[in-house]
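I am opening a notebook on a structure that is new to me. I want to work from the whole chains down to single residues, and to write down what I looked up at each stage.

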Amino acid sequence: MIKINPAELKLVAQYIQEITGIYLDQSKSYLFETRLSSVAEAHGCKSYQELQVKAKKDSTKAIEKSIVDAITTNETLFFRDKGPFELMQHKILPELIDARSSKTSLKTQIKIWSAASSTGQELYSIAIVIKELLKDTPGYAFTLLGTDISDAAVSQASYGKYNRFEIERGLDKKYLQKFFTLFGDSWKIKDEIRAMVNFRKLNLMHPFTALGKFDIIFCRNVAIYFTLEDRKKLFNKLADSLADDGYLVIGSTESLTGVCPRFIPKRHLRSIFYQKQ
Amino acid sequence: MKNLSILVVDDDPVIRRLLEQRLKKENYQVQVAEDGYVAEKMLGQQFFDVVLTDLMMPGTLGGIEVLEIAKDINSRTEVVLITAHSSVNSAVEAMKKGAVDYLEKPINFDELFLRLDKIANMQTILRSAQDLQVAMDTTENAASETIQSLEMQVAKMRQTLDEIETILRDDHLADYNKIAKALDLVCES
């Protein structure tokens with residue numbers, strides 16, 4: 001493994017923050033080494049400085065992409081922390097359906113966004129909750145969008161195939177049997193769920209007003225890697241992208257105090273969600 | 001005693017006895033089954049870390065079936081297949097179905113012990129990863145309870161402050177009335 005020196009740490013940390021928004025503590029040199037060593041080697045670099053220079057010069061952005069993939073690959077699980085999904089099932093969806101339906105004879109449109117969808121587990125869990133709650137009741141049109149900064153994550157999410165370690169924690173056996181098909185040593189999400197969702201690449205540091213307004217936004221455990229300044233910018237933009245009576249769900253150990261006064265916290269049972277003032 | 005329980009499945013009594021003795025000599029916890037049916041029964045009764053099974057056995061329950069049964073009962077059980085040289089292709093098929101490894105006959109015991117060591121190491125790592133995960137979940141739950149209740153308290157205090165500000169800025173009220181009302185709000189909160 002290629003060792004990183006203090007000067008390179010500063011340089012690479014800064015570069016990663018520029019391209020991803022992720023602020024990596026420079027005391028964690030092992031994290032840079034374990035995640036970037038193989039990227040450096042794959043591109044024939046003997047040092048991290050060489051890698052950073054090469055990545056900046058590369059007009060195809062291929063090196064930048066592999067750095068983003070290596071840095072941002074985080075573990076996510078199906079129904080990670082049951083709270084948000086119970087919240088959606090028992091509070092948010094019924095309220096939204098109540099608020100949106102019966103005004104016209106048109107279908108009730110509900111748009112949901114998983115803003116850092118990683119390899120797709122969160123959005124598929126949301127789709128499963130909707131499927132279970134509404135079965136195939138006509139009259140509702142759901143748009144489920146997942147976005148992530150990593151190309152590798154987006155393509156794995158789109159493929160919807162998970163190994164048994166990724167599947168077994170968190171996912172109930174009844175859901176596994178019902179919504180997944182055994183595929184060699186892995187499990188693949190069934191088409192009926194796959195067809196409900198869309199994934200695409202998006203850097204949350206960039207503007208995203210083009211996506212339109214959403215009724216529910218999930219943005220869990222991603223802003224924790226940003227500086228306070230970047231967190232303020234992000235949640236301000238999310239407030240712009242949320243319908244006036246929409247719902248924001250963040251990670252259960254995250255807080256918006258001192259980050260975005262436009263959101264007020266509300267409690268339902270053991271979970272918190274946010275709405276605009 | 002080594003920290004690995006092994007079930008040996010082989011219809012050949014000589015090989016079965018040989019495997020049992022050599023593994024016991026290495027201090028593994030060993031049990032034996034003479035065919036797939038006995039193996040199925042034993043797997044249903046207790047957990048084994050490793051199943052070491054012959055690929056070709058008489059009857060409808062061969063090595064592949066033992067593999068499937070073991071994995072179905074508990075996916076943490078690792079299965080190593082023993083094959084004749086001529087059936088290497090089926091061994092590769094078995095790997096696709098979730099076998100961790102295969103050994104060719106005649107059995108090279110050094111090789112077998114090496115692979116068992118690897119499995120033991122892997123299981124230790126897996127177990128400590130699971131322990132860490134449980135610890136992390138517990139900590140996360142405790143942290144989220146604290147953070148969420150603080151978040152609600154802060155929001156409530158902010159609301160109170162806003163109300164106090166509105167009262168204090170109210171020109172229609174006399175100063176002592178403003179202060180009295182503001183104090184009421186502070187006491188309520």
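The entries below go from confidence and domains to contacts, cores and single residues.

**Entry 1: confidence.** I began by noting that this is a predicted model, and I looked up how confident the predictor was about chain A. The mean pLDDT of chain A is 92, and 97% of its residues reach 70 or more. I then went through the elements of chain A, where helix α8 (residues 164–168) has the lowest mean pLDDT, at 79, and strand β7 (residues 214–219) has the highest, at 98. I keep in mind that where pLDDT is low, predicted coordinates should not be read in detail.

**Entry 2: domains.** I looked up how each chain is divided. Chain A has domain 1 (6–72) and domain 2 (83–276), and the C-alpha centres of these two domains of chain A lie 29 Å apart. Their contact takes eight residues from domain 1 of chain A and 10 residues from domain 2 of chain A. On the side of domain 1 of chain A that touches domain 2 of chain A, helix α4 (residues 62–72) of chain A gives the most, with four residues. The residues of that side divide into three nonpolar, three polar and two charged.

For chain B I noted domain 1 (5–107) and domain 2 (138–188), and for these two domains of chain B the C-alpha centres are 68 Å apart.

**Entry 3: where the chains meet.** How many residues of chain A are in contact with chain B? I found 11 residues of chain A in contact with 12 residues of chain B. Strand β9 (residues 263–268) of chain A gives the most to the side of chain A that touches chain B, with three residues. By class, that side of chain A has three nonpolar, five polar and three charged residues.

**Entry 4: the nonpolar cores.** I looked next for the largest nonpolar core, which has 75 residues, and in which Ala127(A), Ile217(A), Cys219(A) and Leu248(A) touch the most other members. Domain 1 (6–72) and domain 2 (83–276) of chain A both give residues to this core, so it lies between them. Following one of its members further, I listed the contacts of Cys219(A) beyond its neighbours within four places in sequence, and these are Ala115(A), Ala116(A), Leu238(A), Leu248(A) and Ile250(A). Apart from this core lies another, of 30 residues, which includes Ala33(B), Leu43(B), Ala94(B) and Leu116(B).

**Entry 5: a helix of chain B.** Which residues of helix α3 (residues 63–73) of chain B are buried? They are Gly63(B), Ile64(B), Val66(B), Leu67(B), Ala70(B) and Lys71(B). Seen down the axis of α3(B), these buried residues fall within an arc of 160°, so they line one face of the helix. I also looked up what covers the buried residues of α3(B), and found β1 (5–9), α2 (36–45), β3 (50–54), β4 (78–83) and α4 (88–96) of chain B among the elements that do so.

**Entry 6: backbone points to revisit.** I set down first that most residues other than glycine have a negative phi, and that most peptide bonds are trans. Ser118(A), which is not a glycine, has a positive phi near 50°, and its place is in the loop between β1 (108–114) and α6 (121–134) of chain A. Leu269(A) also has a positive phi, of about 50°, although it is not a glycine, and its place is in the loop between β9 and β10 (271–276) of chain A.

Are these two residues buried or exposed? Ser118(A) is buried, because 25 other C-beta atoms lie within 10 Å, whereas Leu269(A), with 10 C-beta neighbours inside 10 Å, counts as exposed.

In chain B, I found a cis peptide bond joining Lys105(B) and Pro106(B), with omega about -5°. Pro106(B) is in the loop between β5 (101–104) and α5 (109–168) of chain B.

**Entry 7: two single residues.** Tyr162(A) lies in strand β3 (residues 161–163) of chain A and is buried, with 23 other C-beta atoms within 10 Å. Not counting residues up to four places away in sequence, Tyr162(A) touches Ile167(A), Ser186(A) and Trp187(A).

Arg16(B) is found in helix α1 (residues 13–25) of chain B and, with 17 C-beta neighbours inside 10 Å, counts as partly exposed. Leaving aside neighbours within four places in sequence, Arg16(B) is in contact with Val8(B), Asp10(B), Val32(B) and Glu34(B).

How values were computed:
Residues are numbered from 1 along each chain as its sequence is written. Chains are lettered from A and ligands numbered from 1 in the order in which they are written. This is a predicted model: local features need pLDDT of at least 70, side-chain atom pairs count only at pLDDT 80 or more; totals for chains, interfaces and linings use all residues. Two residues are in contact if their C-beta atoms, placed from the backbone, lie within 7 Å. Helices (H or I, at least four residues) and strands (E, at least two) are DSSP runs, numbered from the N terminus. Ala, Val, Leu, Ile, Met, Phe, Trp, Tyr, Cys and Pro count as nonpolar, Asp, Glu, Lys and Arg as charged, and the others, Gly among them, as polar. Domain bounds come from an automatic or database domain assignment. A residue is buried if 20 or more other C-beta atoms lie within 10 Å of its own, exposed if 12 or fewer, and partly exposed in between; C-beta atoms are placed from the backbone. The arc is that of the directions from the helix axis to the C-beta atoms. A nonpolar core is a set of buried Ala, Val, Leu, Ile, Met, Phe, Trp, Tyr and Cys residues joined through C-beta atoms within 7 Å. pLDDT is the predictor's confidence in each residue, from 0 to 100.
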